[in-house]
Amino acid sequence: MPIAVGELLEMPHLRLRLHSGAGALGRTVAWTHTTDLPEPWRWVAGGELLMTNGMPIPRSASGQEELVRQLVEHGAAALAIGERMYAPPLTKRLARASEELGFPVLWIAYPMPFVAISRAVAEATLLEQSQRLIRTERIYQALQQISSQTAGLRMLTSALSRELGCEIRVCDRATGHDWYPGVAPLSAQIRTALTGRRGRLRAGVVAAPLEGDRRVLLVDVPTHPDAVLVALPEPTEQPDALLMQHAATVCGLALSQARLTIEHDRRTGAELLLQILDAQLAPAVAGRQLAGLGLALEEAVCVVARNDEPDLLRNVHLNLWRAAVGHATVHRGRGTSLTLLPDAAVPVLVQALGPGGQAGVSDLIARADRVIDAVREATWALDTAGEEGVPLLRYAEADPLLGPRNPVEARALADRVLGRVLALPSAQAGELLTTLRTFLEEGRSWQRTAAALHVHRQTVRYRVRRVEELTGKRVADTGDLAALWLAVKAI
């Protein structure tokens, strides 16, 4: 069984003396750790008696108080300081924090070897360490039993909950919701406790207080910055901190497996969508394959979205997966993505874009042969959303005065104005159209356009002049300029 701090004090041969924290002598010590490094709380995992020669102890009263608070937050059992060594005088604020937070601070008589204390703790916890080893093995064995990206992960957290004696979740750091779908949501209070902590939790287990005497324990999931292991123990329970870190490692391995499957599904959907856009599939075949992705075209729309934060845009498909939304997503240039998904799931995508995102939504697709038209509708709506400065706009709500309102009119306009450009080989046409669009978006500034495209100003001038030659339009003429702008938007 773990040994209590009070029991160590009662061992005369250890020559330990209490400085403060008399009300917390029942705290148990799982292990010992010795350090002379600054910020010693970084080197504890939870349950340790931290022994030091005094070098990490700050000289200021506020620094000593913060030391106690950080050690408590990171789960240390107690602090033991070697006498007649390097510790500065301990302040009243350290003693007060020790008493208020229930954290014992001890003196180690000089020249008592620290290893003698470590040996006493090890002998007292030998049986527990044997049991911990067995439980650790079972935690890693649980990983071998997961069978799929969704059901398997739920099986894994259920097994971890049994081993640790409390409810275990894996949550998204940004939202506080479960990282994978199909799980009842946590309470708003717990989600707030999770999302209120910015940045990585660093080493160890971090405790966040809840109402009453409840608390939530948080551990970073290795290699997954967006994921946190969440433990919800009963008030009288103290899950093993080391086992929690092993559990977080196992969850990290499971999430890596899940991400591989999710990314494979995303690429499958992207390839299918590109084939449809390139008219490589018959409508009947395209409809069947989209249905295999969980997309019923009768209820589906196309959403073209953009965001200047590439991570948010790249993770749209992951957020849709978490919400159990069938979809097909393609990431395009200039920070945009194209997604087919159920109309009812559009709010999920918009939320995933964050406050800086914008989206245009088509009418219902209804049939597989309308996918290309839906893409045009969504692109049109997105351009209009950008002009109006709104985060979301549906094609049906777009202002008809801004140009053609249907794909037939849009194609006719593009062919009439830019037909000779579009007739060029695809690489040349794409280069000229990209330059023209950027030139118009940048307010006809040669310099800004050159910077945006990473080319010389003379290159921009040449390309725009080439467009003028092919179209017979002049960017200096207001009427021609309007026609070019509407035609570019209609493509």
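These notes cover one strand, one aromatic pair and one arginine in a predicted model.

1. Start with strand 12, residues 300–306. Of its 7 residues, 6 are buried, so the strand is largely enclosed by the rest of the structure.

2. Strand 12 pairs with strand 14, which spans residues 336–342. The two run antiparallel, joined by 7 bridges. To find the register, look at Ala305: Ser337 of strand 14 stands opposite.

3. Strand 12 also pairs with strand 15, residues 358–361. Here 4 bridges make the connection, and the direction is again antiparallel. Arg306 of strand 12 faces Gln358 in strand 15, the two standing opposite each other.

4. Now the aromatic rings. The structure has 2 aromatic pairs. One of them joins Phe439 and Trp446, with ring centres 4.7 Å apart. Their planes meet at 35°; stacked needs under 30 degrees and edge-to-face over 60, so this pair is tilted. Phe439 and Trp446 are both buried.

5. Trp446 has a charged neighbour as well. Arg461 lies over the face of the Trp446 ring, 4.4 Å from its centre.

6. Last, Arg173. This residue sits in the loop that links strand 8 (167–172) to helix 7 (188–195). Is Arg173 buried or exposed? Its relative accessible area is 11%. Buried means under 20%, so Arg173 is buried.

7. The Arg173 side chain has a polar contact to check in the viewer. It reaches the backbone oxygen of Pro225, at 2.9 Å.

Conventions. Residues are numbered from 1 along each chain as its sequence is written. This is a predicted model: local features need pLDDT of at least 70, side-chain atom pairs count only at pLDDT 80 or more; totals for chains, interfaces and linings use all residues. Side-chain values use heavy atoms; hydrogens and water are left out. Buried means under 20% relative accessible area, exposed over 50%, partly exposed in between (1.4 Å probe, protein chains only). Two strands pair if DSSP finds at least two bridges between them. Rings of Phe, Tyr and Trp (its six-membered ring) pair if their centres lie within 6.5 Å; planes under 30 degrees apart count as stacked, over 60 as edge-to-face and the rest as tilted. A charge sits over a ring if NZ of Lys or CZ of Arg is within 6 Å of the ring centre and within 35 degrees of the ring normal. A polar contact is a pair of N or O atoms within 3.5 Å; within protein, one must be able to donate a hydrogen and the other to accept it, and residues adjacent in sequence count only if both atoms are side-chain atoms.
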